[in-house]
Amino acid sequence: MDEKMVILSFGGNLGDVPQTFQNALKGLEQAGFRIRKISSALRNPAVGCEPGAPDFWNWAVRGEWDGTPEELLTVTQALEVAAGRPHDHPHWHSRTMDIDIIFCNGETRDTPALTIPHPLWRTREFVLIPLREIAPEIL
């Protein structure tokens with residue numbers, strides 16, 4: 001895997017998710033994230049959410065980031081909140097946007113705030129399918 005590669009996984013199922021995603025991409029770029037590849041959108045049923053939850057949209061984004069993983073987490077969490085997701089959002093619930101850091105420049109973390117590589121990335125088809133499109137060499 002390229003040491004300067006960052007993989008983000010985007011998901012959401014409330015509101016205008018494609019527009020929310022586009023807004024988040026602009027916010028990432030303004031924060032210094034350099035986008036290299038964006039996957040096609042994947043639409044799939046909500047799993048583990050409240051009954052009747054709308055389908056999720058998922059994308060993967062490959063890019064470059066010169067800061068620390070913690071700095072990137074601060075940026076992604078601010079973008080989530082700006083998109084209407086409360087900071088204390090319940091786990092396994094519908095949301096406007098979720099951005100997970102799957103990989104960040106070959107670094108590892110295992111803290112209460114951040115675990116990279118993301119611990120569940122290999123078990124989630126909604127991560128793997130878009131990832132195959134933008135970074136097949138890591139699968």
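This passage describes helix α2 and the surroundings of valine 127 in a predicted model. In this predicted model, local features need pLDDT of at least 70 and side-chain atom pairs count only at pLDDT 80 or more, whereas totals for chains, interfaces and linings use all residues. Residues are numbered from 1 along each chain as its sequence is written, and side-chain values use heavy atoms, with hydrogens and water left out.

Helix α2, which spans residues 69-82 (helices being DSSP runs of H or I with at least four residues, and strands runs of E with at least two, numbered from the N terminus), has 14 residues and reaches 20 Å from its first C-alpha to its last, close to the 20 Å expected at 1.5 Å a residue (1.5 Å times one less than the number of residues). Its buried residues (under 20% relative accessible area, with exposed meaning over 50% and partly exposed in between, for a 1.4 Å probe and protein chains only) are Pro69, Leu72, Leu73, Val75, Thr76, Leu79 and Glu80. They lie on the same side of α2 because they cover an arc of only 165° around the axis, taken from the directions from the helix axis to the C-beta atoms. An α-helix has 3.6 residues a turn, so residues three or four places apart point the same way. The buried residues of α2 pack against β1, α1, β5, β6 and β7 (contact meaning heavy atoms within 4.5 Å), while the face turned away from the buried side carries the exposed residues Thr74 and Ala82.

Valine 127 lies in helix α3, residues 125-134, and counts as buried because its relative accessibility is 4%. When residues up to four places away in sequence are not counted, valine 127 touches Ser9, Ile102 and Trp121.
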